[in-house]
Structures are given as structure tokens and as C-alpha cells.
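Biologist: Labels are cheap. Show me the reasons behind them.

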Amino acid sequence: MTLRMSRRTALLGGAGLATAAGGLATPAIAQRAPIRLGGLTTLEGPFATGGQDAYRCVQMELERINSTVGGRRIEFIRESSNAQADVALARARKLIEQDNVDIILGPLSGAEGIALRDYSRTLTGRTIVNGSSGAADTTLRNPSPNFFRFSTDGTQWMAGLGNHVFRNMNIREVAVAAGDYAFPYAQVFGFNIEYCRAGGRVQHYWAPLGTTDFSAQIAQINRSNAGAIVVVHGGTDGLAFMTQYAQSGGNKPLIAGSIMADQTMLSARGPHRRVMVGMISAGPIADVIDDPTWREFVERYRRRWLNEGGFQSPSIHGVNYTTNLYGILHALREVDGDLSNNQQAFQRALANARITAPTGAAVRLDHNRQAISDIFLNRIEERDGRAQVVAFARAQQINQTLGTPEAQFLALGAPSRDNPGCVPAAS
Amino acid sequence: MDLAATILLNGLTLAALYFIVASGFSLIFGLMRVVNMAHGSLYLIAGYVGYAVFEPLYDQDLWWAWYAGLGAGIAAAAVSGALMQKLLLGWMQGQELRQALVTIGVSIIAADQLLAFYGGTPRQFFAPDAIFGSTQVPLVGGYPTFRLVQIGIAVVVGVGLWLLLNRTKLGMMIRAGVDDREMLGACGVNVPLVGVAVFALGAALCGIGGIVGSTAQPLAMGQDGRFLLISLVVVIVGGMGSVTGTAVGAVLVGLAEQLGQALFPTYSVILTFVIMVAVLALRPQGILGRA
């Protein structure tokens, strides 16, 4: 009994010592505790391929810095949604409430971005930095102080395309086939602003996200007077549209939104590739950009991922996630990994960050914490025996209102299916 | 006029695909009283396994690549269906709710396993040269040949199923089982074995749908939920367990979807459900279902 008592005492004493030691060590550990970075992208649903590539690029960039920034390790926690706003919100909540992350990097698609922007407003001391979502209103109207976007939005991505189609391709009427949700609204808006102002006429064909049979719309378009088709679908929807357009024997010139002319589409096999060669598009990246930063990034990506299921060249989503990750890393370096005081210093550093995107484009944020950066005009060409998106023009430092004064741009109203931005020159 | 004809033809070809997939669902429900919530997963399994067989052969330009994919897909779906009945559902016979929940579980696991194994890249089969390209159809003009073949396949499946159910011994057992399982067992028929056969057959039909569907549309994650929902709607509209009813339901849903897409794209989904609501309100057992 005595022996047992003494053993218990010894144990208690030991535990006490351990606690004391732990107590002493605590401040030091807190200093070096890892920063918890939550990733949110779509590994399910129509943009699963893009989401997968987003994580490839993020992983590659974190490996490069050995997952350490400002003296602190970064713990990356992966979460996935299916491109639906409610699912993205639930997963973001899980990241914040259960995984206790400091920063969320994501989401991937338009409506998800708006949902997370609204969610970020309810948070204190946490920050959401966009992944690849590109709805204009995420930052343009009613922005949240906790939501930052270093990637350009869907409207910005179309800069220069409308004018090119009207002036250089000499096409006076187009059929716009687009998804019926926030991101395509923004893209169609960006195209129409230029195209209609120049005098072009537009007929719209909307289809909900997740549509896989477009044959009825394609039949209508093929019979219309449109001189070209502007396709603003993405993911499997885009693939289905292009395949069925090819099968229908369509031969109108194709113009495309930014997530259409992308490796996620070009690397899938099928008859759509035939009709996509020669297609014109605009966006924040291309496969071939004459810029050393980009060539180096592509080289690294190929070395790391080509044998592990990666694309020939990183996808738009991968590059957008990387750009936003660069913003986070830059700010963390500025504040030496200090996220105390409700992340105030960190958020200030984010807002003032000047970074270079993987494409070599300079990026800075406006007063709504939205990126101002370069946009490329692209053409799909057959190079080295495969289809590649080649940049042939570059618009420098495009802002969110495409150069229009903000008040005037806001007066046009929010992009929607009933407000696709077609304002004739007269007004 | 020609646009109306095109939409009609589109609706019918889509209905053909829906019929192939939903007939398997209806068959399984008819005999087993199992609402197989993993029916969409069988579609995906057939598609992905079929594609794994198809692609290397296609790369070698073998003309029978597509047919090999079709065979592999059907086999994979049939085996999965039989295993599901044998290992999971067989020993909870008659407990419909529990079986439905188990199949939901199976569908979630199957979808994630397929994603982990095959990745998220969408895939698509290329039909053999003989049925690729377009055919001249009166009033419509050039029309994708494969979509016409789709109707042919559906007709063959429908007639075959009807013959099987009404003209063979197995069909007789299945029909007897629908009415009275115990009496069938008492007559010396191995009812559990018939159950496995029916499950395999229903799954094989879904497998045909998986390959045919993935030739006409991309094969990707999420298609499982879509085809499960369509099967449910088609079977509810047409009447559970009736081949003709399934065909009627498929035609209604297919036409509604295409018509909706041409007239009011955003709300086209609603039209399908309006039909379902109307049927449930006026004739809850389905158009050709038995009360």
C-alpha cells in the first residue's frame, strides 16, 4: 500500500513536472505553431479536373518553399466541394469551425465565391483569399473586408475580345451560348460591353450548369444568322457542347470564354478538338506566353506533374490558385508570419501586396481588394502535334470596370441573364 | 418546322437512353422491391471500366474497340449488381428502407472510389466508324448517326426484355415472384438465385446505358446522381415494374427535357417534375402501373 501510494505520488509529481515544463515551453511553441491554411476547391462535379489541378499547383508551390514562410510552417488542409454554393459554404464552415484554419484559399467557381464572400463577413480574425472563382460581384458590389482576390474576374478576362470579334474578325452578329449562373454572366457581360458598344448584335442561349445535352440549342444556333458562336461554358458542360457541336457538323467560327480554351478541355479526347483549333478566346493565361516567368513556371509544373497525371501546361484554375497563394505568401512574409491581433497586420499587407503572377503579369489590388492585372487574347493552334492556347495580344493592367469609371460601370447593374451588358453605343 | 422535327428527334433519342437505364431500375424494383439507389453508380462503373478497356484498343485503331468496351462495361455492371445483391441486400430481404439506405451508402462509396481511381477528367467514347458521323433524315437534315442507333438499341432492349419476361421460363419465375415470392419458393424455385439473376440483368441494362450514354455525352463524376434521378422519375411516371410503362415514361421525360431546353432553358428541369407531380396527383401508381 505504501509502495503504491508512493508510486502514485511519484506519478503525480512527474505529471506536475511535465506540466510545468510544458507551461514554460508554451510561448516558444506558440511562436512556431504552424499556420493553418485551408484549401477549398472542387474535386467533385463538373469542375473536378480544374480543382485537381488547382491543388497540384498549390502543392508544388508549397513544396518549393518547404511549406515554411516567415519562420512558420504552413499546414495545408484540403477540402472539396462540388461547385454548388451551399456545399462550398458547408465545407468552409467545417474548415473554420472544426479544422480551425487561419486562412482559406478558395473557392473555384462563381456562386461559391459569392457565398464565401458573405460568409467571410461574419468572421473575425480569419481571412478568405479567393481560389479561382470569377463572378464580378464577389468583390464589385457589397465587398467584404475579409475577402481578397488576387485573380482577375470573369468580366476582366473578356477584355479586348468583343472589339477583336467586331473590328478584326468583322462579325456583326453572334450567338452567345452560356451557362446560367454567376460566372458566365460576368463573362458574357464583359464580352457584350465591348461588342454591343461597337455595334454588334447578340442572341443569347442560356443553359443551367450541369446540362449535358445541348442538341436542341445547337440546332437553333446552326439555323440562326449568327456569324460566330461565343461559347461560355466550362468543365463537362463545355465538353458536351463542343462534342455535340462537332457531331452536328457545325462550321461557324468559335469564340470562347476563358475556361473553355484551357488544358482541362484540350487534354480530354474527342471530336471537339477538331472544331476547337483556330478558336479565339481571352483570359488571364494561355499555354504559350512569351514571358520568362511563365516559361519557368510551366517548366516546373511539367517536371513535377507530367508523370503524375498533370496536364501539358497548367490549367487556368491552377494558375489562379497559385496567384492567390502568392498573395498570401507575400503578405505572410511581410508580417513575419504574425497573425495576431485578429490578423490586422496580415490583412493590411494583403491589401498593399504587389506580386507577380505565374504568367509574369503584375498584380495589385484595388480598394475592393480585387486584382488589377493583365489579360491575354488567345488563339488555339496546333503546335508540336497538340492543340495549344497561344497568346497573341496582351492588355496591360485591366481593372474590374474595364477602364470605365466605377460609378458609371455600377450603374449598368449587376450581370445577370436579364442584364447581359448589351448596351448600344448611343446610350 | 424542321426545328420542331429536330427537337422531336432529340427528345426521342434522349428518351431511348433514359429507357435503357431506367428499365434495369424498374426490373429490379418490380421483382425485388428494392429501390436501388446505387443504380447510377452502376452506370458509372460500366462507363469507367468500359473506357479502361476501350482506350488502349482505340489507340491501336482496332475497329472493335467500342464493342469490347461495351462488353466490358456490361460485364462490370452485371457483376457489381450481382455482388451487391449477394453480399449486401440478400440477407435483408423484405426490409425495404434498410436496403434503400444500404444502396445509398454503396453509391457514395462507389463514387469516391471511382474518383480516386480514375480521377476527375471527363471521358467520352468514340462510336465505331460505322455508326459515327451524320445521316440525312427527312425534315431534319444531317443528324448524328449514333443518336439514331441509340433508338435502335433501346427498341432491341425493350423487345428483348418483353420477350424474356413473357416468353421464357426465367421470365415466368420473375413474374411469379412479383406476385407471390413465398408461393414461388414453395414450388421449388430457388428464389434467392432468381434474385441475383434479376439484379445482374438489371445492372447489365444499366451498363448498356452507361456505355451508350457515355458515347453520346461526356462520362464524368456526377452522372450517377443524374441518371438515378432520371430513372426514378421515369419509373414513377411510367409505373413501377412495367416495361411498357418505363418506355412511356422515358419518352415523356425525354421530350419534356428537350422541349423545355428549346423554349425556356433555365426552367426545363421543372417541366420534368411537373409531369411527375401531375402523374402522382392523378394516377399515383404511374401511367401504366398496376394499383
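Modeller: What follows is a run of questions about labels, on a predicted model.

Biologist: Why is A:Ile193 called buried?

Modeller: Its relative accessibility is 4%. Buried means under 20%, so A:Ile193 qualifies. The residue sits in helix α8 (residues 182-198) of chain A.

Biologist: Which residues is A:Ile193 in contact with, leaving aside its neighbours within four places in sequence?

Modeller: A:Phe409, A:Leu412 and A:Gly421. Contact asks for heavy atoms within 4.5 Å. By comparison, A:Leu95 is 98 residues away in sequence and 38 Å away in space, C-alpha to C-alpha.

Biologist: What makes the pair A:Glu61 and A:Arg300 a salt bridge?

Modeller: The N to O distance is 2.8 Å. The cut-off is 4 Å, from a side-chain nitrogen of Lys or Arg to a carboxyl oxygen of Asp or Glu. The pair therefore meets the definition.

Biologist: Why say that this pair ties together parts of the chain?

Modeller: A:Glu61 lies in helix α2 (residues 48-64) of chain A, and A:Arg300 lies in helix α13 (residues 292-305) of chain A. These parts are 239 residues apart in sequence, so the pair links them across that stretch.

Biologist: Are the two partners buried or exposed?

Modeller: Buried. A:Glu61 has a relative accessible area of 2%. A:Arg300 comes in at 11%. The limit is under 20%, so each value passes.

Biologist: Which residues are linked with them in a network of salt bridges?

Modeller: The network links A:Glu61, A:Arg64, A:Glu296 and A:Arg300. Over all chains, the structure holds 24 salt bridges.

Biologist: How do you know that A:Arg73 and A:Glu75 form a salt bridge?

Modeller: Their closest N and O atoms are 3.7 Å apart. That is within 4 Å, so the pair counts.

Biologist: Why are those two called partly exposed?

Modeller: A:Arg73 has 43% relative accessibility, and A:Glu75 has 26%. Buried is under 20% and exposed is over 50%. Both values fall in between, so both residues are partly exposed.

Biologist: What about A:Arg383 and A:Glu381?

Modeller: Their side chains meet in a salt bridge at 3.3 Å, N to O. A:Arg383 is at 35% and A:Glu381 at 24%. Each counts as partly exposed.

Biologist: Now the sheet in chain A. What makes β2 and β6 of chain A edge strands?

Modeller: Six strands form an open sheet in the order β2-β3-β1-β4-β5-β6, with mixed pairing. β2 (68-69) and β6 (147-148) each have a single partner strand, so one side of each has no neighbour in the sheet.

Biologist: How do you know that β1 and β3 of chain A pair?

Modeller: Eight bridges join β1 (residues 35-42) to β3 (residues 72-81). Pairing needs at least two, so these strands pair. They run parallel. One of the bridges sets A:Ile35 against A:Ile74.

Biologist: Which helix lies across β4, β5 and β6 of chain A?

Modeller: Helix α15 (residues 344-351) of chain A, running at about 25° to β5(A).

Biologist: What makes the side chains of β13(A) alternate?

Modeller: A:Val363 and A:Leu365 point to one face and are buried. A:Ala362 and A:Arg364 point to the other and are not.

Biologist: How do you know that β13(A) pairs with β14(A)?

Modeller: Two bridges join β13(A) to β14 (residues 371-383) of chain A, antiparallel. The definition asks for at least two, so the pair qualifies. A:Leu365 stands opposite A:Ala371. Their hairpin has five residues between the strands, and A:Arg369 there takes a positive phi near 65°. Three bridges join β12 (residues 354-356) of chain A to β13(A), also antiparallel. In that hairpin, A:Gly360 takes a positive phi near 95°.

Biologist: On to chain B. Why can B:Phe264 belong to a nonpolar surface patch?

Modeller: B:Phe264 has 34% relative accessibility. Patch residues need over 30%, so B:Phe264 clears the bar. The patch covers about 580 Å², and B:Leu259, B:Leu263, B:Tyr267, B:Ile270 and B:Val274 also make it. Helices α10 (243-263) and α11 (268-282) of chain B each give two or more residues to the patch. B:Phe264 itself is in the loop between α10 and α11.

Definitions and conventions:
Residues numbered from 1 in each chain as written. Chains lettered and ligands numbered in written order. Predicted model: local features only at pLDDT ≥ 70, side-chain atom pairs only at ≥ 80, totals over all residues. Heavy atoms only, no water. Patch = residues over 30% accessible without salt bridge, like charges linked within 9 Å, V, L, I, M, F, W, Y side chains within 5 Å. Areas by Shrake-Rupley, 256 points an atom, 1.4 Å probe, with all protein chains shown as cover. Helix = DSSP H or I, 4+ residues; strand = E, 2+ residues; numbered from the N terminus. Buried < 20%, exposed > 50% of the residue type's maximum accessible area, 1.4 Å probe, protein only. Axes fitted to C-alpha atoms, helices over the stretch in contact; angles between N-to-C directions.
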